[in-house]
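Got the viewer open? Here is a walk through the model, one selection at a time.

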Amino acid sequence: MASELRVNTLKDADGNNSVAMSFVANGSEKVWVNFNGTGTVAIRDSLNTSSITDVSTGRYRPNYTNSFNYAADYAFHVTSGVLGATWGLQQLSTHTASSTEFILYDPSANATDNSIVPCTARGDLA
């Protein structure tokens with residue numbers, strides 16, 4: 001049998017530091033993934049990510065286990081790096097309810113694979 005807990009506000013054990021449930025639900029990451037984007041792409045750890053598609057050099061698409069309500073209504077963030085290296089820009093390519101495709105660039109604006117690629121997304125799941 002499934003259980004359900006309904007609350008409006010959460011507080012710490014002393015009854016302080018309250019937070020409204022709307023902040024917890026709306027501000028929580030709904031998707032996160034950390035993957036190695038070099039060679040054979042491999043997910044290190046993730047939440048709500050079914051797979052990573054290696055589209056081409058520097059171009060990846062995390063695929064979500066549970067989709068968002070609408071493609072335009074969620075926020076996606078990606079960072080990348082290699083220890084001791086400087087990296088360039090990231091560009092969103094395709095933004096759907098079930099995946100986000102992006103391209104990583106080095107400082108010379110060349111698409112490049114990266115060994116450390118963490119991504120997050122926030123919004124309302126379908």
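Start by selecting L10, which sits in strand β1, residues 9–10. This is a predicted model, so keep that in mind as you click along. How exposed is L10? Its relative accessible area is 38%, which makes L10 partly exposed. Now add L5, V7, V19 and F23 to the selection: together with L10 they make a nonpolar surface patch of about 490 Å².

**Stop two: a pair by the patch residues in sequence**

Select E4 and R6 and show their side chains. The two meet in a salt bridge, with N and O 2.3 Å apart. Both ends are out in the open: R6 counts as exposed at 72% relative accessibility, and E4 counts as exposed at 59%. As background, side chains of opposite charge can pair when their charged atoms come close. A search of the whole structure turns up four salt bridges, so there are others to visit.

**Stop three: zoom out**

Switch to cartoon and colour by secondary structure. You should find one helix and ten strands. Following the chain from the N terminus, the elements run β-β-α-β-β-β-β-β-β-β-β. The radius of gyration is 17 Å, well over the 14 Å that the globule rule gives for 126 residues, so the chain is more spread out than a compact globule. Turn the C-alpha trace along its principal axes and it spans about 50 × 30 × 25 Å. If you colour by accessibility, 26% of the 126 residues count as buried.

**Stop four: the four-stranded sheet**

Pick out β5, β6, β8 and β9. In what order do these strands lie in the sheet? They form an open sheet in the order β5-β6-β9-β8, with antiparallel pairing. Look at β5 (49–56) and β8 (90–95): these are the edge strands, each with a single partner, so one side of each has no neighbour in the sheet. From one strand to the next, the twist averages 25 degrees. If you turn on hydrogen bonds, remember that strands of a sheet pair through backbone hydrogen bonds, either parallel or antiparallel.

Now keep just β6 (residues 59–64) and β9 (residues 100–104), which pair in the antiparallel sense over two bridges. Label Y60 and look across: F102 in β9 stands opposite.

**Stop five: charges across β6 and β9**

Stay where you are and show R61 and E101. They form a salt bridge, the closest N and O atoms being 2.5 Å apart. E101 lies in strand β9 and R61 in strand β6, so the pair ties together parts that are 40 residues apart in sequence. Which of the two, E101 or R61, is buried or partly exposed? E101 is buried, with a relative accessible area of 7%, while R61 counts as partly exposed at 24%. Add R59 to the view too: salt bridges that share partners join R59, R61 and E101 into one network.

**Last stop: a long-range link**

Finally, select E29 and R122. Their side chains meet in a salt bridge at 2.9 Å, N to O. E29 is in the loop between α1 (21–27) and β3 (31–36), and R122 is in strand β10 (residues 117–123), so this pair ties together parts 93 residues apart in sequence. Check the surface here as well: E29 counts as partly exposed at 26% relative accessibility, and R122 is partly exposed with a relative accessible area of 42%.

How values were computed
Residues numbered from 1 in each chain as written. Predicted model: local features only at pLDDT ≥ 70, side-chain atom pairs only at ≥ 80, totals over all residues. Heavy atoms only, no water. Pairing = 2+ DSSP bridges. Axes fitted to C-alpha atoms, helices over the stretch in contact; angles between N-to-C directions. Buried < 20%, exposed > 50% of the residue type's maximum accessible area, 1.4 Å probe, protein only. Patch = residues over 30% accessible without salt bridge, like charges linked within 9 Å, V, L, I, M, F, W, Y side chains within 5 Å. Areas by Shrake-Rupley, 256 points an atom, 1.4 Å probe, with all protein chains shown as cover. Rg over C-alpha atoms; globule rule 2.2 N^0.38 Å.
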